[in-house]
Amino acid sequence: MAIPALSIRGLTKVYGNGFHALKGIDLDVQQGDFFALLGPNGAGKSTTLGVVCSLVQKSAGQISIFGIDTDRDFARAKYHLGVVPQEFNFNQFEKVIDIVLAQAGYYGMSRSEALPRAKRLLGDLGLWDKREGSARMLSGGMKRRLMIARALMHRPKLLILDEPTAGVDIELRRSMWEYLRRINREEGTTIILTTHYLEEAESLCRNVAIINHGEIIRNTSVRALLTELDTETFLFDLADPLDAVPQIEGFEVQQVDNAQLAVAVHRGQRLNDIFAALGEQGIQVVSMRNRANRLEEMFVTMVEQGNAELDRAAAAAEARA
Amino acid sequence: MNPMQIAIALWTLVHKEIKRFTRIWPQTLLPPSITMTMYFIIFGNLIGSRIGDMDGFSYMDFIVPGLIMMAVITNSYSNVASSFFSNKFQRSIEEMMVSPMPNWVILAGFVLGGMARGLGVGLIVTIVSLFFTRISMAHPFLTIFVVVLTSALFSIGGFINALLADKFDDISIVPTFILTPLTYLGGVFYSISMLPALWQGVSMLNPILYMVNVFRYGFLGVSDIPVGWALSAIVAFIIVLFGIALWMLDHGKGIRS
């Protein structure tokens with residue numbers, strides 16, 4: 001098996017105030033993968049990526065980037081790493097072109113090598129026309145694309161994106177998805193992203209890890225995770241308003257409003273049975289959709305289960321005390 | 001990184017720093033020129049003519065080296081303190097931290113940037129002083145050597161200040177409450193031989209006194225203190241402060257959680 005692009009073993013982070021942000025996590029991301037690291041706010045996603053990028057100091061554990069132990073030679077490992085952080089972290093008063101060229105310089109790229117690269121990346125990301133403008137004049141979406149261009153200047157083999165599409169409108173988000181897919185597919189860049197848009201993870205990523213309370217609670221392929229989904233909730237928009245909730249044998253039906261029903265469908269049940277039952281009762285359906293994205297439904301279930309287990313453990317510990 | 005890559009990274013950082021302070025020249029280069037012109041007119045010309053000679057030189061000639069040194073010290077320090085803290089504040093320091101650039105290159109880049117501004121302003125003040133007096137240098141190489149060392153020393157000081165700073169107020173405390181009083185009491189405007197013995201002894205504890213005096217020695221050939229001793233002290237300060245700054249960077253003090 002090829003060396004993983006990223007390998008994490010026993011990664012622990014305890015902040016100065018005693019907060020255990022990471023509790024010994026293990027994680028492997030294979031070369032060429034498109035990987036999602038998911039978790040609720042404060043779960044440890046950004047801390048994990050911060051340690052990988054050297055922005056956060058670990059308390060214990062080992063990290064290897066393309067087989068290079070970061071404790072032994074972080075500088076060499078960093079050549080393989082491109083980072084797009086969650087918050088804008090460039091000098092807002094600098095010109096767009098200066099920001100990307102300076103980043104290339106920090107990696108030891110000469111200006112003659114960096115300039116064509118900058119032209120290509122800024123062009124691909126729709127920023128070449130803005131190159132002489134100050135970064136603070138860019139829109140939020142442009143600033144995010146600038147950070148992607150900057151991170152790719154030195155041709156990293158592993159690109160880490162911490163919520164890259166936060167606050168970006170749908171059209172732009174989809175064009176960024178397409179760009180990331182392209183560099184993953186055509187250039188073989190391994191991509192790790194965190195996101196709160198589960199649709200994004202489902203659409204882009206092949207593998208996923210879910211982190212909660214500083215622990216990896218699941219690490220599998222997106223496809224495998226979705227097959228475990230026990231229940232999906234579908235919303236049915238009706239042609240005519242209803243006065244009462246219709247009964248459908250074997251299904252849990254709720255009325256969202258008088259023209260919309262929510263039906264929970266367990267694994268093995270068929271949607272045809274719902275349509276048939278509604279048809280028999282003279283109810284016309286005009287459209288149907290998932291209440292939540294499938295991965296989102298799975299994610300919420302797992303996180304809630306994890307939180308409930310923690311609450312039970314805390315209650316038991318309190319009772320013992 | 002190989003030596004060529006290190007050279008490119010260092011030049012990138014230095015170039016960026018120079019570009020930064022030249023872009024905002026009305027804030028960085030113009031004010032010290034105007035302030036020093038005022039000093040030359042008021043202290044050198046108007047009041048100086050009534051003071052008479054100082055250590056055998058006209059008062060104007062006496063204060064020129066001190067004023068140049070004062071400009072170099074404050075500008076070297078404040079350039080690095082404000083630039084590095086601004087990078088911390090805007091988190092653009094992360095651009096450097098995620099790169100393979102060694103910490104000593106980051107430190108050297110900011111220090112060289114601070115020196116570029118400090119020495120640049122020093123040059124401007126020197127040019128301004130030519131409108132008021134004729135400058136001759138008794139020891140030109142020593143003059144240049146000591147001003148370069150002093151600029152390096154205070155640039156490193158500004159870097160440490162910025163590392164420790166949590167807010168913008170923190171980078172103005174040292175210049176306002178420590179640097180300025182020490183500079184004014186460092187023999188810029190007077191010879192410490194004018195002071196009572198007790199205060200001469202107290203003045204000897206002020207490191208800026210040594211720099212001003214050695215610099216003045218380079219211009220006029222007179223100094224209140226032994227030149228060799230002063231140079232050794234400046235070099236020792238540079239080595240110690242550079243070591244402290246590098247240790248802080250290596251351990252992520254003020255920049256890594």
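In this predicted model, helix α6 of chain B, residues 103-129, offers a simple check on helix geometry. At 1.5 Å a residue, its 27 residues should span 39 Å, and the C-alpha atoms at its two ends are indeed 39 Å apart, so expectation and model agree. The helix α6(B) is also mostly covered, with 21 of its 27 residues buried.

The surroundings of this helix can be seen in the makeup of chain B, which has 11 helices and 2 strands. Followed along the sequence, the elements of chain B come in the order α-α-α-β-β-α-α-α-α-α-α-α-α. For 257 residues, a compact globule would have a radius of gyration near 18 Å; the value for chain B is 19 Å, and the two therefore agree. The C-alpha trace of chain B spans about 60 × 35 × 35 Å along its principal axes. Of the 257 residues in this chain, 47% count as buried. Among the contacts in chain B with a separation of 6 or more, 83% are between residues 24 or more positions apart.

The largest nonpolar core contains 148 residues, and those that touch the most other members are A:Val100, A:Ile160, B:Leu67, B:Val111 and B:Phe159. Helix α4 of chain B, residues 59-89, gives this core its largest share, 16 residues. For B:Leu67, once neighbours within four places in sequence are set aside, the contacts are B:Met36, B:Tyr39, B:Val125 and B:Val188.

The two chains also meet directly: 25 residues of chain A are in contact with 22 residues of chain B. On the side of chain A that touches chain B, the elements giving two or more residues are α2 (70-78), β6 and α3 of chain A. The largest share of that side, 4 residues, comes from α3(A). By residue type, the side of chain A that touches chain B divides into 14 nonpolar, 9 polar and 2 charged residues.

Turning to chain A, strand β9 (residues 207-212) is mostly covered, as 6 of its 6 residues are buried. In a regular strand, side chains alternate between the two faces of the sheet. In β9(A), A:Asn207, A:Ala209 and A:Ile211 point one way, while A:Val208, A:Ile210 and A:Asn212 point the other way, and all are buried. What are the partners of this strand? Strand β3 of chain A, residues 34-38, pairs with β9(A) in the parallel sense over 4 bridges, and here A:Leu37 has A:Ala209 as its bridge partner. Strand β10 of chain A, residues 215-221, runs antiparallel to β9(A) and is joined to it by 6 bridges. In this pairing, A:Asn212 stands opposite A:Glu215.

The strands β9(A) and β10(A) form a hairpin with 2 residues between them. One residue in the turn deserves a second look: A:His213 has a positive phi of about 50 degrees although it is not a glycine. Most residues other than glycine have a negative phi. Is A:His213, in the loop between β9 and β10 of chain A, buried or exposed? It falls in between: A:His213 counts as partly exposed because it has 19 C-beta neighbours inside 10 Å, whereas 20 or more would make a residue buried.

Another hairpin in chain A involves strand β4, residues 60-65. Strand β1 (residues 6-14) pairs with β4(A) in the antiparallel sense over 5 bridges, with A:Ile8 opposite A:Ile63. Strand β5 of chain A, residues 68-69, also runs antiparallel to β4(A), and 2 bridges join them; here A:Ile65 stands opposite A:Ile68. The strands β4(A) and β5(A) form a hairpin with 2 residues between them, and A:Phe66 in the turn has a positive phi of about 50 degrees.

Two further loop residues complete the picture. In chain B, B:Arg91 lies in the loop between α4 and α5 (93-97) and has a positive phi of about 65 degrees although it is not a glycine. With 17 other C-beta atoms within 10 Å, B:Arg91 is partly exposed. In chain A, A:Phe88 is found in the loop between β6 (81-84) and α3 (96-106). A:Phe88 is partly exposed, as 18 other C-beta atoms lie within 10 Å. A:Phe88 and A:Leu146 are 58 residues apart in sequence, yet their C-alpha atoms are 9.5 Å apart in space.

Conventions
Residues numbered from 1 in each chain as written. Chains lettered and ligands numbered in written order. Predicted model: local features only at pLDDT ≥ 70, side-chain atom pairs only at ≥ 80, totals over all residues. Buried ≥ 20, exposed ≤ 12 C-beta atoms within 10 Å, placed from the backbone. Pairing = 2+ DSSP bridges. Rg over C-alpha atoms; globule rule 2.2 N^0.38 Å. Contact = placed C-beta atoms within 7 Å. Expected span 1.5 Å × (residues − 1). Core = buried A, V, L, I, M, F, W, Y, C linked by C-beta atoms within 7 Å. Nonpolar A, V, L, I, M, F, W, Y, C, P; charged D, E, K, R; others polar.
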